[in-house]
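Visitor: I would like to go through this model step by step, and to hear for each label what value stands behind it.

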Amino acid sequence: ELGLRLIQRKLHKRKHWSKLLKKHFYPEPRLALGEWLAAHRCASSMIDTSDGLSTDLGHICKASGVGAIVSALKIPVVRIPSELQRTGLDPLTLALNGGEDYELLFTLPRKFSIRLPRELEGVPLTVIGEITRDKKVILLGQDGISTPLQPKGWDPFRKKG
């Protein structure tokens with residue numbers, strides 16, 4: 001998502017930021033992780049985050065008739081160079097609502113969580129929350145305050161208002 005934001009702001013031609021564009025131009029689908037989860041038969045749901053974590057988690061929860069609590073402190077975020085921080089780019093907002101990352105978001109029963117490796121082929125795997133019976137999707141903020149996690153990622157059917 002950071003790469004897309006650089007392009008939208010016409011900042012992508014600066015050579016020293018070419019590394020930040022790599023993930024946008026050359027996405028790495030997590031095939032090995034998908035294969036591992038299938039082989040171990042432990043994932044109960046899975047989606048890629050191409051539309052943004054906030055939106056795609058909502059899809060999983062709605063389809064499964066459940067809710068979720070996600071911890072802002074556990075969500076992996078991109079490091080934004082200090083000169084770009086002045087442009088208003090926020091790492092957590094990008095992680096929650098930005099898309100085009102093609103990371104895998106998956107759920108698994110708690111009993112399988114001990115079998116989940118910390119990383120697979122150099123890619124860290126991070127537990128960011130838990131599924132709940134309550135049908136609300138909640139973000140536990142960095143300040144410890146819980147708020148509804150609004151789906152603000154890409155939705156081609158969302159009306160512009």
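Visitor: Which residue takes a positive phi in the hairpin of strand 7 and strand 8, and how many residues lie between the strands?

Guide: This is a predicted model, and in it Gly 144 has a positive phi near 85 degrees, within a hairpin that has five residues between strand 7 and strand 8. The two strands run antiparallel and are joined by three bridges; since a pair of strands needs at least two bridges, they therefore count as paired. Ile 138, for instance, has Pro 148 of strand 8 as its bridge partner.

Visitor: What is the order of the strands in the open sheet, and which are its edge strands?

Guide: The sheet has four strands in the order 6-2-7-8, with mixed pairing. Strand 6 (129-132) and strand 8 (146-148) are called edge strands because each pairs on one side only. On average, neighbouring strands are turned by 20 degrees against each other, direction ignored.

Visitor: What makes the pairing mixed?

Guide: Strand 2, which spans residues 67-71, pairs with strand 6 in the antiparallel sense over four bridges, whereas four bridges join strand 2 to strand 7 in the parallel sense. Both counts satisfy the requirement of at least two bridges, so both pairings stand, and with parallel and antiparallel neighbours in one sheet the term "mixed" applies. Ala 68 shows both sides of strand 2, with Ile 131 as its bridge partner in strand 6 and Val 137 as its bridge partner in strand 7. Further along strand 2, Ile 69 is bridged to Glu 130 of strand 6, and Ser 71 stands opposite Leu 140 of strand 7.

Visitor: How do you know that strand 2 is mostly covered?

Guide: Four of the five residues of strand 2 are buried, that is, under 20% relative accessible area, so the strand is described as mostly covered. Helix 4 (residues 53-64) packs on the sheet and touches strand 2 and strand 7 (137-140), its direction making about 150 degrees with that of strand 2.

Visitor: Which residues touch the most other members of the largest nonpolar core, and which element gives the most to this core?

Guide: Of the 17 residues in this core, Leu 57, Ile 75, Leu 96 and Leu 139 touch the most other members. Helix 4, strand 2, helix 6 (91-97) and strand 7 each supply at least two residues, and helix 4 gives the most, with four. Leaving aside neighbours within four places in sequence, Leu 57 is in contact with Ala 68, Val 70, Leu 105, Val 137 and Leu 149. Apart from this core lies another one of nine residues, among them Leu 33, Phe 112, Leu 120 and Leu 125. In soluble globular proteins, nonpolar side chains tend to be buried together.

Visitor: Why are the buried residues of helix 3 said to be on the same side?

Guide: The buried residues of helix 3 (residues 31-40) are Leu 33, Gly 34, Trp 36 and Leu 37. They cover an arc of only 160 degrees around the axis, and therefore they are on the same side of the helix. On the other side, Leu 31, Glu 35, Ala 38 and Ala 39 are exposed. The cover over the buried residues includes strand 1 (45-48), strand 3 (104-107) and strand 4 (119-120). Helix 3 is followed by Arg 41, which has a positive phi near 50 degrees.

Visitor: Why does Ser 50 count as buried?

Guide: Its relative accessibility is 19%, and the limit for buried is under 20%, so Ser 50 counts as buried. Ser 50 is found in the loop between strand 1 and helix 4, and, not counting residues up to four places away in sequence, it touches Asp 56, Gly 99, Glu 100, Asp 101 and Tyr 102.

Visitor: What makes the pair of Ser 50 and Asp 48 a polar contact?

Guide: Their side chains are joined at 2.6 Å, and because the cut-off between N or O atoms is within 3.5 Å, this distance meets it.

Visitor: Is Glu 119 buried, exposed or partly exposed, and what value decides this?

Guide: Glu 119, in strand 4, has a relative accessible area of 48%, which is neither under 20% nor over 50%, so the residue is partly exposed. Leaving aside neighbours within four places in sequence, Glu 119 is in contact with Pro 124 and Leu 125. Glu 119 and Leu 33 are 86 residues apart in sequence and 9.4 Å apart in space, C-alpha to C-alpha.

Note on methods
Residues numbered from 1 in each chain as written. Predicted model: local features only at pLDDT ≥ 70, side-chain atom pairs only at ≥ 80, totals over all residues. Heavy atoms only, no water. Axes fitted to C-alpha atoms, helices over the stretch in contact; angles between N-to-C directions. Contact = heavy atoms within 4.5 Å. Buried < 20%, exposed > 50% of the residue type's maximum accessible area, 1.4 Å probe, protein only. Arc of directions from axis to C-beta. Core = buried A, V, L, I, M, F, W, Y, C linked by side-chain atoms within 4.5 Å. Polar contact = N/O pair within 3.5 Å; in protein donor to acceptor, adjacent residues only side chain to side chain.
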